[in-house]
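Here is a short report for a reader meeting this structure for the first time. Please look over the sequence and the model, then read on.

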Amino acid sequence: MILTKAQYDEIAQCLVSVPPTRQSLRKLKQRFPSQSQATLLSIFSQEYQKHIKRTHGKHHTLEAIENYYQRYLNGVVKNGAAPVLLELANEVEYAPSLMARIILERFLQEHDETPPSKSVINSMLRDPSQIPDGVLANQVYQCIVNDCCYGPLVDCIKHAIGHEHEVLLRDLLLEKNLSFLDEDQLRAKGYDKTPDFILQVPVVMLCPLAVEGHIIHWIESKASFGDECSHHAYLHDQFWSYWNRLRLIEKEPVLPYKASYIRGF
């Protein structure tokens, strides 16, 4: 099902008035029953990430960090089993996994007296059992498993879905008997920019996802919902570099084709 920009804007505008929590997804589904859960989750995730980027700075001032850390300490003293960090993150409208990172860094600074390395922090977030404090380890774990937009668990899901859709695309190209080179083959040939697939014999694309009749030379698969903002970002970061390097000598420029899938994380 194709989602119009007007429908997207209506859903995005609705998100402005609801807090960025899992409960908001239920409200969205009630408001837009004709849209799939995956579509709503994808839009929710992208709009939520925009919100986090806009407000990221205020959560990382020294004053804010100290305030959050003292609130965490006071909370676990009263009840160490309560989801103190998760509730704090929801209260200040910040991603639970990112709140867990702030508190973990502050804790390690206090106990090790040296700033922890990024690799150590990432390792502890991936496996909270490495955290040398059982209460904090449990608090971090609660944040990780309850965060649907950030954190190592979400990263793993995104990676798995991305790989799944690359495999599906490869199978489709093989089914259509199209000759292609994948990323590994391109790197072996010395390409510095590698889309997922380069078609060795370009084809004319005849489908609703592309401008009908244009030649397709390469395909980059993105297993995510492609809103206007992400399309502009991908064009700037990836697609124009592919277009400049890989276009054929034609009367018309070869259009970049992005294989987009509406799929929730």
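## Cores, salt bridges and surface

Leu 28 is in contact with Ile 11, Cys 14, Leu 15, Leu 40 and Phe 44, leaving aside neighbours within four places in sequence. The model is a predicted one.

Leu 28 also belongs to the largest nonpolar core, which has 50 residues. Leu 28, Met 99, Ile 103 and Leu 136 have the most contacts inside this core. The elements giving two or more residues to the core are α1 (5–16), α2 (22–31), α3, α4 (62–78), α5 (84–91), α6 (96–112), α7 (118–126) and α8. The largest share comes from α6, with eight residues. A second core is separate and has seven residues, including Phe 180, Phe 197, Leu 199 and Ile 216. In soluble globular proteins, nonpolar side chains tend to be buried together.

Now take α5. Its residues Val 84, Leu 85, Leu 86, Leu 88 and Ala 89 are buried. The buried residues of α5 pack against α4, α6 and α8. Just after α5 comes Glu 93, with a positive phi of about 60°. Glu 93 sits in the loop between α5 and α6. Its relative accessible area is 36%, so Glu 93 is partly exposed.

Asn 177 also has a positive phi, near 60°, and is a residue other than glycine. Asn 177 is found in the loop between α9 and β1 (180–182). Is Asn 177 buried or exposed? Asn 177 is exposed, with a relative accessible area of 71%.

Next come the charged pairs. The whole structure holds eight salt bridges. Three of them are listed here.

| Salt bridge | Closest N to O | Relative accessible areas |
|---|---|---|
| Glu 47 and Lys 50 | 3.1 Å | Glu 47 18%, Lys 50 25% |
| Asp 182 and Arg 170 | 2.7 Å | Asp 182 12%, Arg 170 30% |
| Asp 184 and Arg 187 | 3.5 Å | Asp 184 57%, Arg 187 46% |

Glu 47 is in helix α3 (residues 37–55). Lys 50 lies in helix α3 too, three residues from Glu 47, about one turn of the helix. An α-helix has 3.6 residues a turn, so residues three or four places apart point the same way. Why does Glu 47 count as buried? Glu 47 counts as buried because its relative accessibility is 18%, and buried means under 20%. Lys 50, at 25%, is partly exposed. Glu 47 has a further partner: a polar contact of 2.8 Å joins its side chain to that of Tyr 8. Beyond four places in sequence, Glu 47 touches Tyr 8, Ala 12 and Leu 15.

The pair Asp 182 and Arg 170 spans two elements. Asp 182 lies in strand β1 and Arg 170 in helix α9, so the salt bridge ties together parts that are 12 residues apart in sequence. Asp 182 is buried, whereas Arg 170 is partly exposed.

Asp 184 and Arg 187 are both in helix α10 (residues 183–188), three residues apart, or about one helical turn. Asp 184 is exposed, and Arg 187 is partly exposed. Salt bridges also link Glu 66, Arg 106 and Glu 110 in a network.

Last, the surface. Tyr 141, Val 145, Leu 153 and Ile 157 make a nonpolar patch of about 330 Å². At least two residues of the patch come from each of α8 (134–145) and α9 (152–175). Val 145 lies in α8. Its relative accessibility is 32%, so Val 145 counts as partly exposed.

Note on methods. Residues numbered from 1 in each chain as written. Predicted model: local features only at pLDDT ≥ 70, side-chain atom pairs only at ≥ 80, totals over all residues. Heavy atoms only, no water. Patch = residues over 30% accessible without salt bridge, like charges linked within 9 Å, V, L, I, M, F, W, Y side chains within 5 Å. Areas by Shrake-Rupley, 256 points an atom, 1.4 Å probe, with all protein chains shown as cover. Salt bridge = Lys/Arg side-chain N within 4 Å of Asp/Glu carboxyl O. Helix = DSSP H or I, 4+ residues; strand = E, 2+ residues; numbered from the N terminus. Buried < 20%, exposed > 50% of the residue type's maximum accessible area, 1.4 Å probe, protein only. Polar contact = N/O pair within 3.5 Å; in protein donor to acceptor, adjacent residues only side chain to side chain. Contact = heavy atoms within 4.5 Å. Core = buried A, V, L, I, M, F, W, Y, C linked by side-chain atoms within 4.5 Å.
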